[in-house]
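Student: Got a model open here. Can we go through the ring packing and then whatever else turns up?
Tutor: Sure. Let's take a look.

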Amino acid sequence: MATRVRPSSRSIKSFSSSVADKQPPKPLAKPPSLPKRLLFPHLPPHADLPPLLVSPAADPLLNAELYDFLALALRAFVNPWWTKISRYDKDFLPVVTRVITAVVRALETRLLATDLSPLVFRDLPTLLAQHVTDFRNAQSKLHTSYASGGTATLPQLFHQLQPHMAVSPDGRIDEVYVRTAVEHVLKTCLPPEDYDSDAERYIVREIILKVLLDSVLPRITQPWFIHKLMLDFMGPESDKVNFTEPPDTSDDLSTPTKPGFSFQALAIFFLSAIQAFSGVCLALIHAYRQARDTIKKVNESAASFPRTPRPSPLPSPPLDYPAVDVPTPVTPAFPGALSTPASGVLSPPAFSPSSSSTSLDPKVISRSSSAFSTPDPLPSAPPLPDYTHPPLALLLLLLTPPPAPPGAPTHSSTSTARAFAHALALPLTALAPFLARLLPYLLYMHVLSAARLADIVRTSRRTLFPDGWPGPSPVDPTPEEQAALREELGRRLLDRVSAPLAPLLGPTPAARAYTLDGVLAPLSSQACNAHLALFILDLVLLTVFPEMGVSIEGAGADADA
C-alpha cells in the first residue's frame, strides 16, 4: 500500500500583513520653529504665527524675518537673567512679545502715515551739509587765536558751532536724554494698560536703551566703522586682469604679409556694424518702454496735487442756507504722497419752501445779494516740495575741498566742479515738478520695499547672531589699521571714479586725492560724529512723532503756580 506523502506545513504570510509591512513609515512631525517655541508656546503645532505687521502690503517673508530676529534677541538678552529669577516660568517672553508687538504695530501705523520723502531728500542732505561746513570751519580754527589761544581741540571747536544738550564736547552721549526720548515713544505706542505698569515699561525701555547706548551709537560713530561699512558696501576688490601684449612680428621677414583688403573682412565688418546698430536700437527701445512705464506709474501714484483745471468760482450761499460740505482728501496711493483733494464741483443747495418764503424779506434779499457778490476763494494746492536743491548743494560742497593749509602744495581751483554743478542744476530745476513725484516713487518702490526691508533684517540677524547666539564683540582695530582702512577706502573710491568724471575732482591725481580726503575728513572724528548721530535721531523722532517737538503753552505758568 502506497504511503501518502504529507505536505509540510508552512505558514503563509497573509497579503494584508505583507502590504502593511511594505507601507512607508509615517513622516516625523516637523519641529516647531524657535519663534513658536519661545514667543507662542500655547499655539497649536500646525497653526501659523500671527502677523507682526498688520498692513495688507506687508510681505509674509518680512514678518517671518522679524519674528526670527525678535526670538533670537529675547533668547540672548532676556531669557538668561529671567531664568535666574523664575526658572520654570514660560509666560514672561510671550508677555514681552505682546508688548513689543504693540510698539511695532504703532510704529508701522506712524510710518505708513508719515511722508519720509522730505526727510530723505531735503532734511538729511541739509543736515549733512551743515555738518561738513561746521567741521571745516572748526578745522580751520585749530592752532589759531580763535581756539582759545590754540589750546582748544577739534571736538571742542565743533561743539561750539553745533551745541547739543545731549552731547558733551568730548562726544559723550547723555543717557538721560535718550531714556526720555524712548519714554515718550513708549507713551505714544503702548496701550494705556501696558504703559501704566511701571515694571513692564521699565523693562522694555531699558532693553531698547541698552541696545542703543551700548551697541548701536558707540559703534556707528567710530570713523573706522564707517569706513568699513563703505568698503563692505563696495564689495570685494576685483583682481585686475593683466593682458600680455602679442609679440612683435614686424621684423620677421619669413611671415608673409596679409593683403590690406579682402571681401571676407568687409563682410565681417558690415555684419558687426549691423549687430552693434541693432543692439543699440534694442537698448533704446527697452529704455523708452521702461521710462514710459515709470512715468505712467509716477503720474498715477498721486504723489502730488494733479494739474486739474480750476473750477469756476461759485457764489457762496446766503447765511440762512446750511453750510456746504468741504470735500475730504483722498488717501494717497503710497506712503509719502501728498493728500489730493477730491474732484468735484461745489453746488449750491436746493431751495426749500421755508427759505423761499424768507427770501422775500428785503433785508434777506440785500444780505443775499451782498453774499453772492463776494465769492469765497477755493483752497489752493500747496507748492511742490523742492527735492533737487539740497542734494545739489551737498554735492557742490563735497566737490569743493577746503583751502590747503599754509605751507602745503596749492591745488588747482574747483571751477570745473562748480560749472558742472551749476549746469546740472538747470535741467533739474526744470524737471523739479516731475522729480517731486519721481523721487518718492523710487524711494518707496525700490529702497523701502518689503523685499529690501526683509533683506536688511536678514542681514542684521546673520550679523548679530551668526550661530543663533550673539557673536563675540569685534576687536577695535589699532590706529595703524584704521589709517590703512581709510587709505584703502580713498584708493578704491578713486578707482571707482570713471574717466569722464575724474576732472570734476581735479586735473591731477594729487588734486583728486585731496578732494576725496576732504570728502572723508568730516567723518574722521568720533566726537563730531556723535553730534551728527544725535541730530539724525532727533530728526527721525520729530518726523515720525511731530508732537514731541511741540511745547505746551502755559506749562511753565502752571508749574510756578
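Student: How many aromatic pairs does the count come to?
Tutor: Eight aromatic pairs, in what is a predicted model.

Student: Take Phe 40 and Tyr 67. Why is that pair edge-to-face?
Tutor: Their planes are at 80°, and over 60 counts as edge-to-face, so the label follows. The ring centres are 5.7 Å apart.

Student: Where do the two sit in the chain?
Tutor: Phe 40 is in the loop between helix 2 (34-38) and helix 3 (60-77). Tyr 67 is in helix 3, 27 residues apart from Phe 40. The pair links distant parts of the chain.

Student: Phe 40 and Tyr 67: buried or exposed?
Tutor: Both are buried.

Student: What about Trp 224 and Phe 225?
Tutor: They form another edge-to-face pair, 5.9 Å centre to centre with 90° between the planes. Trp 224 has a relative accessible area of 6%, so it is buried.

Student: Which residues do ring pairs link into a cluster?
Tutor: Phe 69, Phe 77 and Phe 465.

Student: Now charges. Which ring does the charged end of Arg 75 sit over?
Tutor: That of Trp 469, 4.2 Å from its centre. Likewise, the charged end of Arg 201 sits over the ring of Tyr 195, at 4.5 Å from the centre.

Student: Switching to Leu 494. Where is it, and what does it touch?
Tutor: Leu 494 is in helix 19 (residues 479-496). Leaving out residues up to four places away in sequence, it touches Leu 505, Arg 512 and Leu 516.

Student: Why does Leu 494 count as partly exposed?
Tutor: Because its relative accessibility is 29%, and partly exposed runs between 20% and 50%.

How values were computed: Residues are numbered from 1 along each chain as its sequence is written. This is a predicted model: local features need pLDDT of at least 70, side-chain atom pairs count only at pLDDT 80 or more; totals for chains, interfaces and linings use all residues. Side-chain values use heavy atoms; hydrogens and water are left out. Helices (H or I, at least four residues) and strands (E, at least two) are DSSP runs, numbered from the N terminus. Buried means under 20% relative accessible area, exposed over 50%, partly exposed in between (1.4 Å probe, protein chains only). Contact means heavy atoms within 4.5 Å. Rings of Phe, Tyr and Trp (its six-membered ring) pair if their centres lie within 6.5 Å; planes under 30 degrees apart count as stacked, over 60 as edge-to-face and the rest as tilted. A charge sits over a ring if NZ of Lys or CZ of Arg is within 6 Å of the ring centre and within 35 degrees of the ring normal.
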